[in-house]
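Trainee: Can we go through some of the words people use for a structure like this? I'd like to know what stands behind each one.

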Amino acid sequence: MNRILEQVIHQNAPVVDRILSEHTLGYVVSDNVANAVAETSFDNTSAQAIVKHLNGLLVGTCQSVVRDLDPSNKLCFMRLATRKFEYLVAPEEYFTITVVQ
């Protein structure tokens, strides 16, 4: 599975560069199975906090809500706006991408 994640990261390097050039603070790519940081532009402590709280708790809850409303549906993209930041989260099968603006 790490190979799959590494391939996706390397294949999408131009997309990552474009995202980072558009007024973003950074990004985190996390491994869904191990719930660990695979790649990030943040320091390790911040990246682990994002994975633990946002990807671990909030995304799982939102996925459950979507499935409860319609069992044939799934969460593809989530946007969370706070006073200071905006979190863009794209959960996939093996990994989750989070961009902070």
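Mentor: Sure. Let's start with "buried": a residue gets that word when its relative accessible area is under 20%. Keep in mind that this is a predicted model.

Trainee: Then what makes strand E1 mostly covered?

Mentor: Count its residues. E1 covers residues 26–31, and six of its six residues are buried. On one side you have Gly 26, Val 28 and Ser 30, and on the other Tyr 27, Val 29 and Asp 31, so both faces are covered, going by the cut-off of under 20%.

Trainee: Why is Asn 55 called buried?

Mentor: Its relative accessible area is 9%. The cut-off is under 20%, so Asn 55 counts as buried. You'll find Asn 55 in helix H3, residues 44–69.

Trainee: What makes the link between the side chains of Asn 55 and Ser 30 a polar contact?

Mentor: The two side chains are 3.1 Å apart at that contact. The limit for such an N or O pair is within 3.5 Å, so the distance fits.

Trainee: How do you know that E1 and E5 pair?

Mentor: Pairing needs at least two bridges, and six join E1 to E5, so they pair. The two strands run antiparallel, and Gly 26 stands opposite Val 100 in E5.

Trainee: And which strand holds the bridge partner of Ser 30?

Mentor: That's E2, where the partner is Val 37. Four bridges join E1 to E2, again antiparallel. E1 and E2 form a hairpin with four residues between them, and Asn 35 in the turn has a positive phi of about 55°.

Methods. Residues are numbered from 1 along each chain as its sequence is written. This is a predicted model: local features need pLDDT of at least 70, side-chain atom pairs count only at pLDDT 80 or more; totals for chains, interfaces and linings use all residues. Side-chain values use heavy atoms; hydrogens and water are left out. Buried means under 20% relative accessible area, exposed over 50%, partly exposed in between (1.4 Å probe, protein chains only). A polar contact is a pair of N or O atoms within 3.5 Å; within protein, one must be able to donate a hydrogen and the other to accept it, and residues adjacent in sequence count only if both atoms are side-chain atoms.
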